[in-house]
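Biologist: Please take a close look at one part of this model for me, the side-chain pairings. Walk me through the charged pairs and the aromatic ones, and then add what else helps to place them.

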Amino acid sequence: MQLIARGILSENPIFKLALSMCPAVGISTTVINGLMLGVAVLFVQVFSSVTISLFKNRIHPRIRIPTYTLTIATWVTVIDLALAAYLPDAYAKMGIFVKLIVAFAIITMRLEMFACKESPNDSFWDGLGMGLGFLVGMVVIGFVRELLGSGAILGYDVLGFKPLLFFILPCAGFFVVGLMMAFFNWIELAYKQAKGKKQ
């Protein structure tokens, strides 16, 4: 639970570590887009972490980064083909971003910092936590941008008008991410202050 909570809150890939910002800015214009890419990253993160942890003693230190890349690319191919086969409409909207998961810094970082040193069980939970953190970040950003940009949630019109079309544009992604980073930092600060008063 600590590993999962750390990935979602204290080390959230988007809002706390500011990693893999390209999809957060480029594709998170709706909840569905954020959810789909978040699930894809979650899948790749978990399976890559477990794979590297299982074979960590057989990986030569000089080739560890190419090995990480090959492992990530293998699992990206699996999810890429699965999405193309079973969810073609969603895949058509975000196909290029699924392929770009190979280059996401958050996955490579966790393989280097955690999976290559810890057990497969711990690596699974760490991967799950970081993947869920990315998923939560993408869904939250998608929710804010879809609501404020098109007045809808999950494609259903809830406001009856489009408040600010600016939020659908890619540049608005930076604005929303910045606001969410500030919000996460405020929550963390308030929690620490409340904890300090109790002690």
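Modeller: What follows goes from charged pairs to rings, then to the surface and one polar residue.

First, a caveat: this is a predicted model.

Start with charge. Side chains of opposite charge can pair when their charged atoms come close. The structure holds six salt bridges. Three of them are described here.

Take arginine 110 and aspartate 126. Their closest N and O atoms are 2.7 Å apart. The two residues sit on separate helices: arginine 110 belongs to helix 6 (residues 105-115), and aspartate 126 to helix 7 (residues 120-150). This pair links distant parts of the chain, 16 residues apart. Both arginine 110 and aspartate 126 are buried.

Next, arginine 6 and glutamate 11. Their side chains form a salt bridge at 3.9 Å, N to O. Arginine 6 has 25% relative accessibility, so it counts as partly exposed. Glutamate 11 is partly exposed too, because its relative accessibility is 23%. How do these residues connect to the previous pair? Arg6, Glu11, Arg110 and Asp126 are linked in a network of salt bridges.

Then lysine 99 and aspartate 80. Here the closest N and O atoms are 3.5 Å apart. Lysine 99 lies in helix 5 (residues 88-99) and aspartate 80 in helix 4 (residues 64-86), with their positions 19 residues apart in the chain. Burial is mixed in this bridge. Lysine 99 is partly exposed, with a relative accessible area of 42%. Aspartate 80 is at 11% relative accessibility and therefore counts as buried.

Now the rings. A pair of aromatic rings is described by the distance of the centres and the angle of the planes. The structure holds 10 aromatic pairs. In one of them, phenylalanine 15 meets phenylalanine 184 with ring centres 4.8 Å apart; the planes stand at 40 degrees, so the pair is tilted. Phenylalanine 15 is in the loop between helix 1 (2-10) and helix 2 (21-26), while phenylalanine 184 is in helix 8, so the pair ties together parts that are 169 residues apart in sequence. Phenylalanine 15 is buried, at 2% relative accessible area. Phenylalanine 184 is also buried, at 14%.

A second pair joins phenylalanine 183 and tryptophan 186. Centres are 6.2 Å apart and planes at 25 degrees, so this pair is stacked. Both residues lie in helix 8, three residues apart, about one turn of the helix. Phenylalanine 183 is partly exposed at 40% relative accessibility. Tryptophan 186 is exposed, with a relative accessible area of 55%. Elsewhere, Phe43, Phe47 and Trp75 form one aromatic cluster.

On to the surface. A nonpolar patch is formed by Ile32, Leu35, Val39, Leu154, Tyr156, Val158, Leu159 and Phe161. Together they have about 750 Å² of accessible area. Helix 3 gives the most to this patch, with three residues. Phenylalanine 161, one of the patch residues, is found in the loop between strand 2 (156-157) and helix 8 (170-198).

Last, a polar residue in helix 3. Asparagine 33 lies in that helix, which spans residues 31-55. Is asparagine 33 buried or exposed? Asparagine 33 counts as buried, because its relative accessibility is 11% and the cut-off for buried is under 20%. Leaving aside residues up to four places away in sequence, asparagine 33 touches Ile27, Lys93 and Met94.

How values were computed
Residues numbered from 1 in each chain as written. Predicted model: local features only at pLDDT ≥ 70, side-chain atom pairs only at ≥ 80, totals over all residues. Heavy atoms only, no water. Helix = DSSP H or I, 4+ residues; strand = E, 2+ residues; numbered from the N terminus. Buried < 20%, exposed > 50% of the residue type's maximum accessible area, 1.4 Å probe, protein only. Contact = heavy atoms within 4.5 Å. Salt bridge = Lys/Arg side-chain N within 4 Å of Asp/Glu carboxyl O. Patch = residues over 30% accessible without salt bridge, like charges linked within 9 Å, V, L, I, M, F, W, Y side chains within 5 Å. Areas by Shrake-Rupley, 256 points an atom, 1.4 Å probe, with all protein chains shown as cover. Phe/Tyr/Trp six-rings, centres within 6.5 Å; stacked < 30°, edge-to-face > 60°.
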